[in-house]
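User: I would like to go through this model step by step, with the reasoning laid out for each point. Where should we begin?

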Amino acid sequence: MEVLRVNGLTKTYGSLIAVNNLTFSLKRGEVYGILGPNGSGKTTTLAMLSEAIHPSSGEFLWFGKDSGLNQRSKLGIMLEKPNFYDYLSAKDNLKIIADIRGVDYSEIDIVLKRIGLFERCNSRFKTFSLGMKQRLAIGAAVLGDPQVLILDEPTNGLDPEGIAEVRELIRKMAGEEKTILLASHLLDEVQKVCTQMIVLKKGNIIYDGSVNANAKNEIIIELMAEDIAALTEVLKQSVDFANFERKKEMIFVKIAPNITTSILNAYMQQHDILLSHLAYKKQSLEEDIFEILNEIR
Amino acid sequence: MLSIYFIALILALLGLQSIILKTNRNLQETGIASIPLLPTNIYLFPHIWHNISFVARFFKIFLAVVMIILVTNEYTYNTLRQSLITGLSRGQIVLSKIFDALILSLASAILLLVFGLVMGSVYSSGFDLWDVVRKMNFLAAHFLMVFGFLSLAMMIAFIVKKASLSIMILLVYAYILELIPAFKYSDSFGDFLPLRSINLLIQAPNTTIFDFLHLSSQSNHISSIHIIVALVYTTLFCLVSYFVVRKRDL
Ligand SMILES: Nc1ncnc2c1ncn2[C@@H]1O[C@H](COP(=O)(O)OP(=O)(O)O)[C@@H](O)[C@H]1O
Ligand SMILES: [Mg+2]
């Protein structure tokens with residue numbers, strides 16, 4: 001079943017196209033990642049889907065309808081940096097949210113425990129660390145048990161333990177038949193949590209599909225050197241670059257996506273190989289994605 | 001801020017009496033016989049309602065500052081966005097602020113009511129219920145005037161987003177800009193400008209005390225044309241606030 005359909009969604013700020021003509025859809029029960037470096041349009045996209053900002057053009061349908069108020073109660077949303085009243089406690093802030101959503105106050109304690117803020121629930125929001133603020137924002141999103149969760153960089157500012165907890169929380173909710181749309185600039189995070197991903201580059205979708213189909217792929221890098229024999233010898237003895245083939249004067253190395261050209265270059269320098277050419281094999285769509293994924297890392 | 005408003009207003013209302021007494025004494029000492037002595041008691045039923053709501057007119061700026069902060073805080077903490085993504089519609093967001101303005105106006109009217117009842121019973125001799133309630137419509141006018149002023153403050157705050165700038169704009173508009181046309185042209189020219197028309201709801205009491213202050217307009221009545229104009233402006237300010245919030249990215 002389709003939860004969300006997005007059609008040609010675009011947002012421009014003056015001459016800047018922050019989000020360009022996005023078309024995609026979300027199926028029920030899947031966990032989607034929106035992956036892209038900073039400034040690629042993730043928050044802008046999610047803010048439009050939350051109706052916090054108006055699209056310049058395009059449309060989207062939640063549950064097959066133009067979003068109205070009755071739809072909103074099905075969405076749990078957390079955008080960018082947490083926004084709460086500084087001078088109110090965590091609990092009072094959640095009470096406001098509960099009032100708006102028509103959720104019983106008894107659920108607040110359950111959520112506070114779930115996000116690990118129960119002990120600090122009477123502290124003012126402004127005394128919280130960034131990680132605690134972030135967790136409260138996640139708490140506000142999950143309050144009322146919505147069917148769909150929109151989470152914008154939910155692990156931002158958390159310590160490793162907090163990151164693990166939040167990812168665990170998301171995975172748990174994914175197991176409860178919820179549809180999750182998670183924006184992140186971390187490939188690793190998307191791989192760990194999501195089943196599907198949409199990769200954004202400067203506001204454009206450059207990949208939309210399964211997470212795994214992609215992660216297993218390898219990249220091909222072109223190499224040339226004056227002393228091609230020495231180069232092949234070094235490659236043969238290496239661990240990461242041993243998978244290569246030679247075509248005339250050009251060497252094509254297959255590498256795992258976690259290896260960058262700079263790592264390869266440094267390795268060659270260590271072994272006194274002077275490269276005369278180092279490049280990704282001609283930019284097919286798939287390779288483009290990996291280039292970005294490497295950029296983000 | 002709210003407490004400043006309440007305290008300043010009460011002090012001013014209390015102080016008025018002693019100022020009048022003092023002026024009277026000065027007048028007597030200088031011995032200018034041609035100037036009539038001021039009536040000493042402004043706290044008599046039923047005129048007390050008119051007198052205190054007229055004085056309160058000059059203090060509503062404090063409430064406006066409270067209103068502006070209530071709105072601009074939502075921008076500084078970005079809680080408008082939070083309310084919106086939690087599920088409030090833009091209309092409901094503006095309505096909640098209009099509701100705040102209503103509460104503030106009501107609190108102000110209640111303050112005057114309590115103050116009036118207390119001081120009135122202390123200073124009035126005898127207790128005629130009809131006298132007590134006769135001019136209470138000035139409290140309603142006070143409520144409407146404060147509410148109208150607060151909706152103007154709210155509209156400016158929604159448009160400008162910043163507290164200090166909103167307050168400045170409100171001050172400059174209220175105390176400078178609106179006075180220009182009245183100065184340049186005839187006195188009544190500015191009567192239909194937003195603030196002046198709201199202020200005209202409660203004009204200076206037509207008694208010797210206020211005569212003494214040389215105020216331009218005096219009336220002991222609340223005219224229905226001013227009520228209508230004030231209501232029209234108030235509605236307009238609320239509608240503009242709504243359209244601003246509806247159009248804007250939050
Ligand atoms: N209110 C705004 N005014 C102008 N430009 C903006 C605004 N919001 C975002 N942008 C620009 O839009 C682009 C996308 O931003 P954003 O969606 O926040 O990216 P991400 O969340 O992926 O880091 C960036 O270039 C950013 O500078
Ligand atoms: Mg972002």
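Analyst: Domain bounds here come from an automatic or database domain assignment. The model is a predicted one, and for chain A that assignment gives two ranges, domain 1 (2-210) and domain 2 (219-295).

User: How far apart do the C-alpha centres of domain 1 and domain 2 of chain A lie?

Analyst: The assignment places domain 1 at residues 2-210 and domain 2 at residues 219-295 of chain A. Taken along the principal axes, the C-alpha atoms of this chain fill a box of roughly 75 × 40 × 35 Å. Within chain A, the C-alpha centres of the two domains are separated by 38 Å.

User: What percentage of the contacts in chain A with a separation of 6 or more is accounted for by residues 24 or more positions apart?

Analyst: Chain A is built with 11 helices and 13 strands, and buried residues make up 50% of its 297 residues. Its accessible surface comes to about 13,700 Å², with 48% of that belonging to carbon and sulfur atoms. As for the contacts with a separation of 6 or more, the share that joins residues 24 or more positions apart is 67%.

User: Which element of chain A gives the largest share of the shell around ligand 1?

Analyst: The residues surrounding ligand 1 include A:Tyr13, A:Leu16, A:Ala18 and A:Pro37, together with A:Asn38, A:Gly39, A:Ser40, A:Gly41, A:Lys42, A:Thr43 and A:Thr44. By class, this shell has 4 nonpolar, 6 polar and 1 charged residues. With 3 residues, the largest share of the shell comes from α1(A).

User: Which residue has a side-chain N or O atom 2.7 Å from an oxygen atom of ligand 1, and how much of the ligand's accessible area does the protein cover?

Analyst: Two contacts to oxygen atoms of ligand 1 are made through backbone N or O atoms, at 2.7 Å for A:Gly39 and at 2.9 Å for A:Lys42. The contact at 2.7 Å that uses an N or O atom of a side chain belongs to A:Thr43. Of the 560 Å² of accessible area that ligand 1 has on its own, the protein covers 61%.

User: Why does A:Lys42 count as buried or exposed, and what is its relative accessible area?

Analyst: A:Lys42 lies in helix α1 of chain A, and its side chain reaches the backbone oxygen of A:Pro37 at 3.1 Å. Beyond its neighbours within four places in sequence, A:Lys42 is in contact with several residues, among them A:Ile34, A:Glu153, A:Ser184, A:His185 and A:Leu200. Buried means under 20% relative accessible area, and A:Lys42 is buried because its value is 3%.

User: What is the relative accessible area of A:Asp145, a residue other than glycine with a positive phi?

Analyst: Phi of A:Asp145 is near 50°, and this residue is placed in the loop between α5 (130-142) and β6 (148-152) of chain A. A:Glu51 also has a positive value, with phi near 65°, and sits in the loop between α1 and β4 (57-62). A:Glu51 counts as partly exposed at 25% relative accessibility. A:Asp145 is partly exposed as well, with a relative accessible area of 49%.

User: How many of the 10 residues of helix α2 of chain B are buried?

Analyst: Helix α2 of chain B spans residues 47-56 and is largely enclosed by the rest of the structure. Its buried residues include B:Ile48, B:Trp49, B:Phe54 and B:Val55. The enclosure follows because the number of its residues that are buried is 9.

User: Which residue of chain B has its backbone oxygen 3.3 Å from a polar atom of the side chain of B:Ser53?

Analyst: B:Ser53 is in helix α2 of chain B and counts as buried at 0% relative accessibility. Apart from its neighbours within four places in sequence, B:Ser53 is in contact with B:Leu112, B:Phe138, B:His142, B:Met145 and B:Ile202. The backbone oxygen at 3.3 Å from a polar atom of its side chain is that of B:His50.

User: What is the C-alpha to C-alpha distance in space between B:Ile176 and B:Asp128?

Analyst: B:Ile176 is found in helix α8 (residues 163-177) of chain B and counts as partly exposed at 47% relative accessibility. B:Ile176 and B:Asp128 are 48 residues apart in sequence, and their C-alpha to C-alpha distance in space is 43 Å.

Notes:
Residues are numbered from 1 along each chain as its sequence is written. Chains are lettered from A and ligands numbered from 1 in the order in which they are written. This is a predicted model: local features need pLDDT of at least 70, side-chain atom pairs count only at pLDDT 80 or more; totals for chains, interfaces and linings use all residues. Side-chain values use heavy atoms; hydrogens and water are left out. A residue is near a molecule or strand if one of its heavy atoms lies within 4 Å of it. A polar contact is a pair of N or O atoms within 3.5 Å; within protein, one must be able to donate a hydrogen and the other to accept it, and residues adjacent in sequence count only if both atoms are side-chain atoms. Accessible areas come from the Shrake-Rupley method with a 1.4 Å probe; for residues, only the protein chains shown count as cover. Helices (H or I, at least four residues) and strands (E, at least two) are DSSP runs, numbered from the N terminus. Ala, Val, Leu, Ile, Met, Phe, Trp, Tyr, Cys and Pro count as nonpolar, Asp, Glu, Lys and Arg as charged, and the others, Gly among them, as polar. Buried means under 20% relative accessible area, exposed over 50%, partly exposed in between (1.4 Å probe, protein chains only). Contact means heavy atoms within 4.5 Å.
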